[in-house]
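Please open the structure in your viewer and keep the sequence panel beside it, since this tour moves from one selection to the next.

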Amino acid sequence: MSAADPQPIVTFPEALSTREGWLEPFPWYDRMRRESPVRYDDDREVWDVFSYDGVKSVLSDDDAFSVDPMNLPEERTTEMEESPMTETMLFTDPPDHRRLRAVAESEFRPNAVADLEPAIRRITQERVEEAVSEGEFDFVADLAYPVPVIVIAELLGVPPEDRDRFKSWSDTLVARPDEETREAFRRLQREQEQALEELQEYFVEMIERRRTDPRDDLITTVVHDEGAALTERELLGFCMLLLVAGNITTTNLLSNAMRCLEGRPEPIGRIAEDGTARSRTIEEVLRYRSPVQAFFRVAKAEADLGGQTVTPGEGIVAWIGSANRDPATFDEPEEFDPTRSPNQHVAFGHGTHYCLGAPLARLEASVVLSELFDRIDGFEIVDEELQPVRSSFIYGVESLPIAVE
Ligand code: HEM
């Protein structure tokens with residue numbers, strides 16, 4: 001498990017392992033939904049679920065399916081034990097899940113998140129101004145990536161003077177090797193281990209300081225929640241989870257939105273002034289190019305999955321990106337329709353583990369897109385060779401150079 005890819009290692013399906021395959025996995029999903037909506041893949045030794053109903057039931061049946069990778073057979077979990085991320089709500093089943101999630105729930109409700117809007121707008125405006133004045137810029141590096149990182153830093157309570165350090169750790173954790181060589185890969189791996197260690201030390205110190213010197217920030221709230229009584233490791237895991245789960249996902253929601261909107265002046269025109277049009281567009285991006293394409297579960301009990309029997313300890317990949325294109329649920333699913341309503345996508349999951357940060361992600365997307373399209377009339381993607389994000393479940397592109405009008 002790496003910091004940027006916090007799910008257990010499940011090898012990637014062969015069909016998606018090329019650049020083209022992972023940039024556009026949708027034709028493969030379509031074939032799988034028709035030929036084998038639930039199947040056991042002998043090569044990867046996991047179950048794959050592709051249908052909307054199947055994905056929804058896997059994500060929400062906590063009795064049969066666990067999020068805790070420690071339920072996997074021992075030989076598949078060796079790398080995971082060291083990370084504090086495994087002790088977070090994302091990888092904990094009920095009933096303990098409730099204690100870990102409740103500490104932050106009220107801070108992430110839509111009305112609490114709405115208070116962050118002025119800060120998000122300020123952070124966005126600074127970045128948009130600078131980027132747009134250049135005429136051509138990398139939408140990922142200059143906007144989609146820094147905005148969520150700075151927002152989460154402010155929310156947690158990282159003081160302004162530490163923000164550059166914080167962002168540089170975060171940059172290293174999501175970086176790609178600068179060349180495709182084994183040496184470059186090892187170098188980056190060492191840098192990432194070091195960044196992870198420093199970031200963890202930083203959070204440990206911050207947690208300690210907030211114990212004696214409470215502030216008006218999320219770390220203080222969580223540290224002083226006596227009902228939950230999080231351990232040191234759980235507190236550290238919580239901070240790391242927000243950083244990892246909240247950033248790469250939102251970055252890719254934003255860049256996926258730009259891929260959906262290129263060459264479509266109509267929705268772009270409406271985004272700047274019409275809040276309903278803007279939120280429908282964002283929901284459709286979430287459905288059409290879901291930032292999280294897949295999530296993992298482990299069978300706890302013998303269970304029926306689309307007429308087949310799953311046995312305890314077996315892994316299951318719920319293909320969210322495929323569920324969101326299922327024609328049994330969505331009319332013309334392969335069409336990007338920014339006016340689609342209702343839109344019952346499962347991009348934020350379903351059930352107990354439904355994304356805690358969904359209101360924040362929606363607000364960030366709304367602010368960034370409205371600020372950008374308030375200043376520009378249109379844009380063009382200027383890179384022909386987009387590279388998919390190197391992850392087995394996050395969907396987006398590494399960089400997105402655009403020219404703005
Ligand atoms: C577009 C952006 C985002 C997408 C697509 C997304 C997607 C998801 C999905 C699919 C899950 C469910 C995983 C499962 O069922 O096991 C999830 C859970 C979670 N997300 Fe997000 N997420 C996004 C943004 C955020 C943000 C901004 C934050 C926080 C700052 C966040 C924090 C979390 C947390 C803490 C969980 C675990 C909830 C639990 O286990 O109870 N996410 N997210």
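The tour below starts with the whole chain and then goes to single places in it.

**Before you select anything**

This is a predicted model, in which local features need pLDDT of at least 70 and side-chain atom pairs count only at pLDDT 80 or more, while totals for chains, interfaces and linings use all residues. Residues are numbered from 1 along each chain as its sequence is written, and side-chain values use heavy atoms, with hydrogens and water left out.

**The whole protein**

Show the protein as a cartoon, and you can look for 16 helices and 10 strands; these are DSSP runs, numbered from the N terminus, with helices being H or I of at least four residues and strands being E of at least two. The radius of gyration is 21 Å, close to the 22 Å that the globule rule gives for 405 residues, so the protein is as compact as a globular protein of that length. For that comparison the radius is taken over C-alpha atoms, and the rule is 2.2 Å times the number of residues to the power 0.38. If you turn the C-alpha trace along its principal axes, it spans about 55 × 55 × 45 Å.

Now switch on the surface, which comes to about 17,900 Å² of accessible area, with 46% of it belonging to carbon and sulfur atoms. Such areas come from the Shrake-Rupley method with a 1.4 Å probe, and for residues only the protein chains shown count as cover. Of the 405 residues, 56% count as buried, where buried means under 20% relative accessible area, exposed means over 50%, and partly exposed lies in between (1.4 Å probe, protein chains only). Among contacts (heavy atoms within 4.5 Å) between residues at least 6 apart in sequence, 71% join residues at least 24 apart.

**The iron atom**

Which protein atom is the donor to the iron atom of the ligand? Select Cys 355, whose SG is the single donor from the protein, 2.3 Å away from the iron. Donors here are N, O and S atoms within 2.8 Å of the metal (3.2 Å for Na, K and Ca), and water is not among the atoms, so sites may look incomplete. Cys 355 itself lies in the loop between α15 (320–323) and α16 (358–375).

**Other stops in the loop between α15 and α16**

Stay in this loop and select Pro 342, which also lies between α15 and α16; the peptide bond that leads to Pro 342 from Ser 341 is cis, with omega near 0 degrees. Next select Glu 332, found in the loop between α15 and α16, where phi is near 40 degrees, a positive value in a residue other than glycine. Glu 332 is exposed, at a relative accessible area of 59%.

**From β1 to helix α4**

Go back along the chain to Glu 45, in the loop between β1 (38–41) and β2 (46–49). Glu 45 has a positive phi of about 55 degrees although it is not a glycine, and with a relative accessible area of 45% it is partly exposed.

Then select Pro 94 and Pro 95, which are joined by a cis peptide bond with omega of about 5 degrees. Pro 95 sits in the loop between β3 (65–66) and α4. Helix α4 covers residues 96–105, and its buried residues are His 97, Leu 100, Arg 101, Val 103, Ala 104 and Glu 105. Show α11 (218–223) and α12 (232–261) as well, since both are included in what covers these buried residues.

**Helix α12 and helix α13**

In helix α12, select Leu 241, which is buried with a relative accessible area of 5%. Is it placed with sequence neighbours alone, or which residues from elsewhere touch Leu 241? Leaving aside neighbours within four places in sequence, Leu 241 is in contact with Met 85, Thr 88, Met 89, Leu 90 and Gly 246. Its C-alpha atom is separated by 9.4 Å from that of Thr 86, 155 residues apart along the chain.

Move on to Gly 263, in the loop between α12 and α13 (265–273), which is exposed at a relative accessible area of 65%. For a distance to draw in the viewer, join the C-alpha atoms of Gly 263 and Glu 283, which are 20 residues apart in sequence and 19 Å apart in space.

Finish in helix α13 with Gly 269, which counts as partly exposed at 36% relative accessibility. Gly 269 and Asp 377 are 108 residues apart in sequence and 7.4 Å apart in space, C-alpha to C-alpha.
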